[in-house]
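Reader: I should be grateful for a close look at a single part of this structure, beginning with enclosed space and continuing to the elements around it.

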Amino acid sequence: MKILKIQALRGPNIWSVNRKKLIQMRLDIEELEDRPTNMIDGFGKRLEAMFPTMYEHRCSEGRPGGFFYRVEKGTWIGHVIEHIALEIQSLAGMETGFGRTRETKTRGIYHVVFSYAEENVGLYAAEAAVRIAEALIQNAEYDAGADIRTMREIREDVRLGPSTGSLVGEAASRDIPWIRLGTNSLIQLGYGVNQVRFQATITQNTSHIAVDIAGNKAQTKKLLKMAAIPVAVGDICSSEEDLQRIIEEIGYPIVIKPLDGNHGKGASINVNAWEKAVEGLHHAQTYSKRVIVERFITGNDYRILVINNQVVAAAQRVPARVIGDGAHTIQQLIDIENKDPRRGYGHENVLTEIAVDRDTLDLLALKQYTLDTVPSQDEVVYLKSTANLSTGGTSIDVTDKMHPENIFVAERIAHVIGLDVCGIDIMAANLTLPLKESGGVVLEVNAAPGFRMHLAPSEGLPRNVAAPVIDMLYPPGKPSRIPIIAVTGTNGKTTTTRLLAHIIKNVGYRVGFTTSDGIYVQNHLLEKGDTTGPLSAEFILKDPTVQFAVLETARGGILRSGLGFSLCDIGIVTNITEDHLGISDINTLEDLAMVKSVVVRSVKKDGWAVLNAEDENCVGLAKGLDCKVAYFSMNEAHPVIVEHCKAGGIAAIYENGYVTIKKGDWKIRIEKVTTIPLTFGGRAKFMIGNILAASLAAYLFGFKTEGIKLSLGTFIPSPALTPGRMNIFNFKNFTVMIDFAHNPAGFIAIDEFLSTINSPKKIGIMAGVGDRRDQDIVEIGRLGAKMFDHIIIRQEKHLRGRLEEDIVALVVEGIKSVDKHVTYETIPKEVEAIKHAISIAEPGTFIVALSDVVTNAIDIVQEYLDKDSEPFL
């Protein structure tokens, strides 16, 4: 077998618009195409022995054991690999369940698709599943457990922590989109101007001053003491002399901890001898030069969580411990405890495995114990000096047991320190009595408190503490999304996108849009290049100034990693014609329509799909859509339009020379086509379709027809507003037009426009593209010969695996197939080709540069235009 390609899909995709996180592996199973599983001796039994838990895989049989039944009866190895990839992720603690395996049109080559929880783990699972399948086929030894351990380690390196994950999960449950900013726990919720950010449990509203105060234990203690809140007595020291002075003041036992520490690191508790105190000082100073020394307070360790100045949870924290049985050693008891299914690696489960470290050995030494000591029956042996869950501690929910006075104190502490998300550590006998009665004290205040102890306590009720944080960040009525209009299709995407952005900007929104020539915010070019993929869409959605997004969405990005957004308000499909066929297993117009359908299948239920009524593949997309549908057409009498409007539907039509909105039997005329600059006085018929699509989308969103009309009149085709889309440069004696047309449909549209141009000689500069089918390149040549009297073939770019001379030969073949005398020549470099065309231009000549490097072509022509007094130099 050969893995040909593995890619991670991160958004709505051709396999599913709801299951956004999928691995797609292109796999060549080679000779195994002729050997299904029932022809591989012993394969099924070996598979079942390695993964008995696969019995739960129902597969298409719809019952437990269904997958094993399929293996026994015979299925192809790609299908098996899909199930192995799902199972090993599940065994590594990441439950996933969606998978598909489909043969491509190339025999023996399959797409193996399966869901993932963590992308890096999913990518690893794809390769591991192939290795495992090969070992099972060959009846070779294989340690799948090693792969599972590696996957767990990868997950711990890349996953969101439990606190961050709970906030993301709560946001997602409310349909609030989220984006991970980088590889750490910095998260953006929402899009554009409606975004908020948080990191771990620090929100964008958290006061920087408050975080500084909470991080300085001495400052925190001072402020609390000034507010009459009970705190432990003690002071700061940085030397043994300071340590001795403090001990003389407060006496033993003491607690020593780093001034700027966290998670209990560097702490020593219940120290009652000078030697241990000095040792504890030096240990703490490995984390912080300045150390806090306090009187050791006996009692239980509690954590109170205050969010938005309200107590939402309280937990008693119990340090990692084992309970003796009179038979097992402490090490054996730790091993037994770590087998508890609730314990796991890192943060994967409710509890964390207990690891032996210096703190453990010191605590045992205080009791003159070692790991080989056998504790007596029911003897409790503490293994950590702090009760952090990350070191193996447990938690008991005590929220409902808090005395009202303690709730008042906790909420007052949050106000005093100034934290919106505040964790308060208290040492007290209990929380059922006020602290002043129980003798309890506040030990610390935490600016980024962990949520795990409240989300999944070892005992007591779980508390959804993420909910009040999201309530605070997105109170009722505050939106999290911005409007999104996504535009796809074969031709006309960029012009439609730019026209829509122009309309929306004129209405008063700050609009961000992506096109095949760059990313823009308010017409300011921020990134140059073909930016029609998911990363470019995400760029716009991350921008905190953007109020409205218009996103050109091309097939390549959808196939590569899915959409860059989860839902859109309006999805537009301009047309579906032959282009890029034969690439990425997209071989037919039906295949291409499936790719484009991802956009309209991702429209909100109350949103709109805007489809071309004259394109049967577009019309076919309407079937099964879970949103409203509207059509546009150049023909008012088109059967689709007639039927749709008869049923009360909305459409945009070209009728009696007008761009018109039709609602049922009613017509709302927006503007006369000949007065819309984009149509070049009505001669560029294909532009009318783009205008209809954009006008219809704007109308459906709720913009008034007056605003749409004004925008249509002010959208001037030019290198500034529509670079590479019918940019016409009028020289004194001839004309040059630059256009991005690069496929047969685009050439046909240009031909229709050129038929309205009266010129004694029409010169075309054109090229083939290496990744198109032979017949597509030949067709380009044929159409070019119909349009032009003289053709300059250039071919310096986009060879894509072909030889330049082979592409040129196909173009020439197309030119020669036309029964018309057309001259042609080859000038490889586009710059030289344009200069040559200008040099041979006669009075009245109309030159058309069909350029795929729009900026370069515009710059060259503009340079000549600027010195038109001598245009032939």
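Enclosed space and its surroundings

Author: Helix α12 contributes five residues to the lining of the largest cavity, the largest share from any element; helices (H or I, at least four residues) and strands (E, at least two) are DSSP runs, numbered from the N terminus. The model is predicted, so to speak of a local feature requires a pLDDT of at least 70 and of a side-chain atom pair 80 or more, whereas totals for chains, interfaces and linings use all residues. Residues are numbered from 1 along each chain as its sequence is written, and side-chain values use heavy atoms, leaving out hydrogens and water.

A cavity is a set of points on a 1 Å grid over the protein atoms alone where a 1.4 Å probe fits but cannot get out, and a lining residue has an atom within 4 Å of a point. Five cavities of 30 Å³ or more are found by this rule, and the largest holds about 170 Å³ of space, a volume being that filled by probe spheres set on points joined across faces, edges and corners. Its lining comprises 14 residues, among which S268, I269, V271, D362 and L366 are the closest to the centre. Two or more lining residues come from each of β11 (268-271), α10 (274-284) and α12 (358-366). By character, the lining of the largest cavity has five nonpolar, four polar and five charged residues; Ala, Val, Leu, Ile, Met, Phe, Trp, Tyr, Cys and Pro count as nonpolar, Asp, Glu, Lys and Arg as charged, and the others, Gly among them, as polar.

Strand β11 leads from the cavity to a sheet. This open sheet has four strands in the order β9-β12-β10-β11, with antiparallel pairing, where two strands pair if DSSP finds at least two bridges between them. Both β9 (234-237) and β11 stand at the edges with a single partner strand, so each has one side without a neighbour in the sheet. From one strand to the next, the twist averages 20°. The partner strand β10 (residues 254-258) is joined to β11 by two bridges in the antiparallel sense, and I254 stands opposite V271 of β11. Helix α10, another contributor to the lining, packs on this sheet and touches β9, β10, β11 and β12 (291-295), its direction making about 20° with that of β10. Contact means heavy atoms within 4.5 Å; axes are lines fitted to C-alpha atoms, for helices over the stretch in contact, and angles run from 0 to 180 degrees between N-to-C directions.

A second sheet may be set beside this one. It is open and antiparallel, with five strands ordered β19-β14-β13-β20-β21. Its edge strands, β19 (394-397) and β21 (441-446), each pair on one side only. Neighbouring strands are turned by 30° against each other on average, direction ignored. Strand β20 (residues 421-428) runs antiparallel to β21, with five bridges between the two, and I424 has V445 of β21 as its bridge partner. Helix α16 (residues 466-473) packs on this sheet, touching β13 (300-307), β14 (310-318) and β20, at about 25° to the direction of β13.

For the setting, the protein chain contains 29 helices and 38 strands. Its C-alpha atoms fill a box of roughly 105 × 70 × 60 Å along the principal axes. Of its 873 residues, 56% are buried, that is, under 20% relative accessible area with a 1.4 Å probe, protein chains only.

Definitions and conventions:
On a 1 Å grid over the protein atoms alone, a cavity is a set of points where a 1.4 Å probe fits but cannot get out, and a pocket is an open set with protein on both sides within 12 Å along at least five of seven lines; lining residues have an atom within 4 Å of a point. Buried means under 20% relative accessible area, exposed over 50%, partly exposed in between (1.4 Å probe, protein chains only).
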